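Reader: Please take a close look at one part of this model, the packing of its helices near the end of the chain, and set it in the context of the whole. I would like the computed values and the residues behind them.

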Amino acid sequence: MTNNFKKALCGGLLVCVPWLAQAQEVTLKAVTAFGQDTYFNERFKQFVSSVNEQGKGLVQIQVMGGPESMPPFEVGNAVRAGIVDIANSTGVFHANMVPESLAMTLTRKPMSELRANGGYALMDQIHRDKANMVWLARLSDGLQYHIYTNKKVESADLSGFKLRGVPVYRSFFQALGATPLQVAPGEVFTALERGVVDGYGWPSVGIFDLGWQEKTRYRVEPGFYNVEVSLFMNQASWEKLDQPQREFMRQQVAWIESLNEGAGEDAKADKQHQADAGIEAIQLAPAQADQFEALSQSAGWQAVEELSPQYAQQLKASFGS
């Protein structure tokens, strides 16, 4: 090998090595189903910031927009089709594709237990098979839903109530005697104002993000279910990552899920905020509260059994109480 050839080869490598290093970095297109400044987008913003700060040369995330650019119920289809690589969303929004995802909200078990008992692996595989997506991480864990109303609740019988609901608790509302109505979040304030609905189901946090406290007089205790907000990723996009990139993402997932331990304090603070705003907590009598909780579980799991007879028993074994 001549000196000139060696020099030419080395020069080429010096030019190519930086190019190769840069080519290893992948940018994932992301979307969020929640408003930019809402509670259920905060954890996602932390995740994106951490990945972009620590993942230089490996993985970067570019957030393309939120519900203003893509309706929440279309996010699942966008991930499935690869229009976006990753999404901050909830299985509730793509239950039409993966009805089994309702179990992610019905469960009382923390994500750490689901990862250990095989529940996570089962749900992830179902998502891969049915919707071409990976269940990457859970960004909310330990928060409950509540029924909020502008009419006083006396018992677990809500006959005559019209409540805004979503698929995951529609069966429960019906079991209580209420009429569930599907109303987009952006239309709930007007629906309350005009009497289209008497109340709504919503987590213990977040109503101030939407201004609903102005039309809300009561919050029913106890709460029910375990609010699920997750990161979902297109399966092909995940498989295109090399081993170092996947390992980096797994580390980021472990870190972001560890932050869920503070959910209880978040709920406590928001309930105090609600009280300060004049929202009264209605604590059902013990017997009524027991009936309320029992109906929430029986109605929820009955819906899963009807929608997914293939997986219902496996899901109940790992996600059920």
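Author: Accessible areas here come from the Shrake-Rupley method with a 1.4 Å probe. On that basis the chain has an accessible surface of about 14,600 Å², and carbon and sulfur atoms hold 52% of it. The model is a predicted one. Of the 321 residues in the chain, 51% are buried. The secondary structure consists of 14 helices and eleven strands. Taken along the principal axes, the C-alpha atoms fill a box of roughly 95 × 40 × 30 Å. Among contacts with a separation of 6 or more, 78% join residues 24 or more positions apart.

The part to look at is helix H14, residues 312-319, with helix H6, residues 119-131, against it; their axes come within 9 Å and cross at roughly 145 degrees. The crossing of H6 over H14 is left-handed. From H6, the residues in contact are Gly-119, Leu-122, Met-123 and Ile-126, and from H14 they are Gln-314, Leu-315, Ser-318 and Phe-319. Sorted by class, this contact has five nonpolar residues, three polar ones and no charged ones.

H6 itself has 13 residues and spans 18 Å from its first C-alpha to its last, close to the 18 Å expected at 1.5 Å a residue. Gly-119, Leu-122, Met-123 and Ile-126, which make the contact with H14, also appear among the buried residues of H6. The buried set of H6 further includes Tyr-120, Asp-124, His-127, Arg-128 and Ala-131.

Just past H6 comes Asn-132, with a positive phi. The value is near 55 degrees, in a residue other than glycine. Asn-132 sits in the loop that leads from H6 to strand E4, residues 133-138. Its relative accessibility is 27%, so Asn-132 counts as partly exposed, because that class lies between the 20% limit for buried and the 50% limit for exposed.

H14 has a second helix partner, H13 (residues 286-307), whose axis comes within 9 Å of the H14 axis at a crossing angle of roughly 145 degrees. Here Trp-301, Val-304 and Glu-305 of H13 meet Ala-312, Gln-313, Leu-315, Lys-316 and Phe-319 of H14. This contact divides into five nonpolar, one polar and two charged residues. Leu-315 and Phe-319 of H14 therefore take part in both contacts, with H6 and with H13, since contact here means heavy atoms within 4.5 Å.

Phe-319 also gives a reference point for helix H5, residues 111-117, where Glu-113 lies. Glu-113 and Phe-319 are 206 residues apart along the chain, yet their C-alpha atoms are separated by 9.2 Å. Glu-113 is partly exposed, with a relative accessible area of 35%.

For comparison, consider another helix pair in the chain. Helix H2 (residues 39-54) has 16 residues and reaches 24 Å between its end C-alpha atoms, close to the 22 Å expected at 1.5 Å a residue. H2 packs on helix H11 (residues 243-258) at an angle of about 145 degrees, with the axes 11 Å apart. That crossing is right-handed, whereas H6 passes H14 in a left-handed one. H2 supplies Arg-43, Gln-46, Phe-47, Ser-50, Val-51 and Gln-54, and H11 supplies Phe-248, Met-249, Gln-252, Val-253, Trp-255 and Ile-256. The classes are seven nonpolar, four polar and one charged. Among the residues H2 brings to this contact, Arg-43, Phe-47, Ser-50 and Val-51 are listed as buried.

Two backbone details elsewhere can be set beside Asn-132. The peptide bond from Glu-221 to Pro-222 is cis, with omega near 10 degrees, and Pro-222 is in the loop between strand E9 (218-221) and strand E10 (230-234). Tyr-225 is in the loop between E9 and E10 too. Its phi is positive, about 65 degrees, although Tyr-225 is not a glycine. Unlike partly exposed Asn-132, Tyr-225 is buried, with a relative accessible area of 7%.

Technical notes: Residues are numbered from 1 along each chain as its sequence is written. This is a predicted model: local features need pLDDT of at least 70, side-chain atom pairs count only at pLDDT 80 or more; totals for chains, interfaces and linings use all residues. Side-chain values use heavy atoms; hydrogens and water are left out. Axes are lines fitted to C-alpha atoms, for helices over the stretch in contact, and angles run from 0 to 180 degrees between N-to-C directions. Helices (H or I, at least four residues) and strands (E, at least two) are DSSP runs, numbered from the N terminus. A crossing is left-handed if the near helix is turned anticlockwise from the far one by less than a right angle, and right-handed if clockwise. Ala, Val, Leu, Ile, Met, Phe, Trp, Tyr, Cys and Pro count as nonpolar, Asp, Glu, Lys and Arg as charged, and the others, Gly among them, as polar. The expected span of a helix is 1.5 Å times one less than its number of residues. Buried means under 20% relative accessible area, exposed over 50%, partly exposed in between (1.4 Å probe, protein chains only).
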